[in-house]
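The exercises below are meant to be worked through with the sequence and the coordinates side by side. Try each task before reading its solution.

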Amino acid sequence: MVLSAAGSEPDASVDYTFASRYVCAALPRFKMPENSIPKDAAYQIISDELMLDGNPRLNLASFVTTWMEPECDKLIMAATNKNYVDMDEYPVTTELQNRCVNMIAHLFHAPVGDDETALGVATVGSSEAIMLAGLAFKRKWQNKRKAEGKPYDKPNIVTGANVQVCWEKFARYFEVELKEVKLREGFYIMDPVKAVEMVDENTICVAAILGSTLTGEFEDVKLLNQLLTQKNKETGWDTPIHVDAASGGFIAPFLYPQLEWDFRLPLVKSINVSGHKYGLVYAGVGWVVWRSKEDLPEELIFHINYLGADQPTFTLNFSKGSSQIIAQYYQFLRLGFEGYKNIMKNCMENARVLREGLEKMGRFDIVSKEVGVPLVAFSLKDSSKHTVFQIAENMRKFGWIIPAYTMPHDAEHVAVLRVVIREDFSRSLAERLISDIKKVLGELDAVPSQPITIAHVTPVKNAEGTVLKKSILETQQEITTYWRRLVERKKTNGVC
């Protein structure tokens with residue numbers, strides 16, 4: 001009798017992924033692996049790791065869009081292999097970008113005719129858009145100073161201390177002094193009066209924020225324009241305004257059409273807006289538009305022709321995807337003015353539901369305003385037992401990602417939680433969030449508060465050596481400082 005045994009090659013692939021040797025091997029973290037692995041194994045391994053990420057829909061820290069219609073998802077996937085910079089090869093994609101620029105310019109009341117082409121460009125986000133706008137202001141200021149025979153080596157820009165970090169990056173990367181108007185408790189946006197007082201002959205522009213990252217408030221661009229016009233008249237300067245409308249640029253035109261913040265104001269020379277925030281497109285697209293060609297120095301524009309045709313370009317990078325530009329045009333075409341207005345009204349209504357739910361608890365002070373970006377920023381009335389940082393950490397067990405952070409200098413003793421209301425945050429989610437916050441507060445209340453030792457604080461004593469009792473505010477400041485340092489050592493605060 002002949003006996004036979006079925007064998008298998010030691011390296012033969014196993015159809016059943018979790019029976020393969022690949023799920024037992026340590027994943028490479030520093031060096032590329034020597035050998036290939038089956039595609040299904042690679043997919044499964046990476047997919048499993050990504051399960052540990054947070055749920056984007058429950059990420060209430062971010063302004064960035066986390067949901068789009070399936071039809072737009074198809075357009076995005078179909079264009080993932082298109083490099084936008086190949087304009088001659090993809091002329092329709094270029095045309096769609098130009099249409100978006102024109103639509104945004106008209107939305108912001110740019111002084112262009114119905115058939116005129118507006119001046120603007122798509123970027124990878126508002127950070128790049130701000131860099132480009134800042135460079136235009138700097139170069140135009142330098143050219144003017146050179147022509148007048150005056151020094152041009154100490155440019156500065158005036159902003160509020162509430163600006164996003166990209167403004168600090170611009171100042172540091174391109175050697176511009178950043179002059180920040182300090183905030184104060186209860187007033188967390190730039191004061192136009194103080195901003196204009198800080199303007200001098202070296203100021204390349206004043207940056208106003210339409211939708212503060214901290215509280216969602218709109219800064220008073222109209223008042224800034226009035227005060228700066230008067231100062232320019234008195235001094236002979238021509239200091240302009242840039243509006244950082246990253247968050248509010250797709251809100252104000254639909255909800256507050258009478259609010260004058262855009263190109264209706266003569267000193268506003270450029271505006272940036274994030275398509276991937278309330279422009280309702282996935283992450284990766286921003287826009288910057290200029291008032292006129294005179295506001296963008298020609299020497300900043302590069303002309304390339306090695307791809308088949310003359311291509312003017314003003315960007316910080318070269319290659320980039322086309323998908324998000326196509327998605328932006330889809331949203332403009334699909335929703336129109338009516339659709340955007342309805343979505344923003346829904347966001348504001350759900351923000352109201354959340355705000356009122358928090359107020360009914362009696363435990364929080366609402367820091368954000370009702371007019372502005374649809375978000376709710378709130379602080380604890382009493383932080384002596386637990387802090388907003390503890391609340392944020394405990395909310396994660398329900399899946400919610402809520403940032404807790406302190407305000408900038410001169411108001412840093414104020415610590416807040418912030419919930420951004422996006423298109424996909426429904427009323428039912430708002431009600432669920434309120435319920436979960438109540439649960440967390442109940443759990444924290446049930447845990448005996450433990451004394452917090454803060455080594456750097458020296459007890460205050462009177463002349464007799466008796467330790468004086470600290471005020472509630474002093475106690476809250478110490479606790480907030482302690483938790484802020486603790487959280488910063490563990491992770492970033494997620495403010496964006």
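**Exercise 1.** In this predicted model, determine which residues of helix α11 are buried and what covers them.

*Solution.* Begin with the burial classes: in α11, the residues Ala430, Leu433, Ile434, Asp436, Ile437, Val440, Leu441 and Leu444 are buried. Next, recall that an α-helix has 3.6 residues a turn, so residues three or four places apart point the same way. Finally, look for what lies over these buried positions: the cover includes helices α9 (323-361) and α10 (388-395), together with the strands β10 (364-366), β11 (375-380) and β13 (415-420).

**Exercise 2.** Check what span helix α11 should have and how far apart its end C-alpha atoms are.

*Solution.* Helix α11 covers residues 427-446, which is 20 residues, and at 1.5 Å a residue the expected span is 28 Å. The end C-alpha atoms of α11 lie 29 Å apart, and the two values therefore agree.

**Exercise 3.** Decide whether Asn350 is buried or exposed, and identify its contacts beyond the neighbours within four places in sequence.

*Solution.* Locate the residue first: Asn350 belongs to helix α9. Its relative accessible area is 10%, and because buried means under 20%, Asn350 is buried. Leaving aside neighbours within four places in sequence, Asn350 is in contact with Ile421, Phe425, Ser426, Arg427 and Ala430, and Ala430 is itself among the buried residues of α11.

**Exercise 4.** Describe the surroundings of Lys277, starting from its annotation and ending with the largest cavity.

*Solution.* UniProt, in an unreviewed entry, places the feature "modified residue: N6-(pyridoxal phosphate)lysine" at Lys277. In the model, Lys277 sits in the loop between β6 (268-274) and β7 (286-290), and it counts as buried because its relative accessibility is 13%. Apart from neighbours within four places in sequence, Lys277 is in contact with Phe63, Val64, Thr65, Ala246 and Ser247. Of these contacts, Phe63 and Thr65 also line the largest cavity, as does Lys277. That cavity holds about 60 Å³ of space, and its lining divides into four nonpolar, two polar and four charged residues.

**Exercise 5.** Establish how Pro56 is placed, given its loop, its accessibility and its contacts.

*Solution.* Pro56 lies in the loop between α1 (39-50) and α2 (70-78), where a relative accessibility of 48% makes Pro56 partly exposed. Once neighbours within four places in sequence are set aside, Pro56 is in contact with Thr66 and Arg422, and both Thr66 and Arg422 line the largest cavity. Pro56 and Gly399 are 343 residues apart in sequence, while their C-alpha atoms are 10.0 Å apart in space.

Key
Residues are numbered from 1 along each chain as its sequence is written. This is a predicted model: local features need pLDDT of at least 70, side-chain atom pairs count only at pLDDT 80 or more; totals for chains, interfaces and linings use all residues. Side-chain values use heavy atoms; hydrogens and water are left out. On a 1 Å grid over the protein atoms alone, a cavity is a set of points where a 1.4 Å probe fits but cannot get out, and a pocket is an open set with protein on both sides within 12 Å along at least five of seven lines; lining residues have an atom within 4 Å of a point. Grid points are joined across faces, edges and corners, and a volume is the space filled by probe spheres set on the points. Ala, Val, Leu, Ile, Met, Phe, Trp, Tyr, Cys and Pro count as nonpolar, Asp, Glu, Lys and Arg as charged, and the others, Gly among them, as polar. Helices (H or I, at least four residues) and strands (E, at least two) are DSSP runs, numbered from the N terminus. Buried means under 20% relative accessible area, exposed over 50%, partly exposed in between (1.4 Å probe, protein chains only). Contact means heavy atoms within 4.5 Å. UniProt positions are given in the numbering used here, feature names are shortened, and annotations may be inferred rather than shown by experiment. The expected span of a helix is 1.5 Å times one less than its number of residues.
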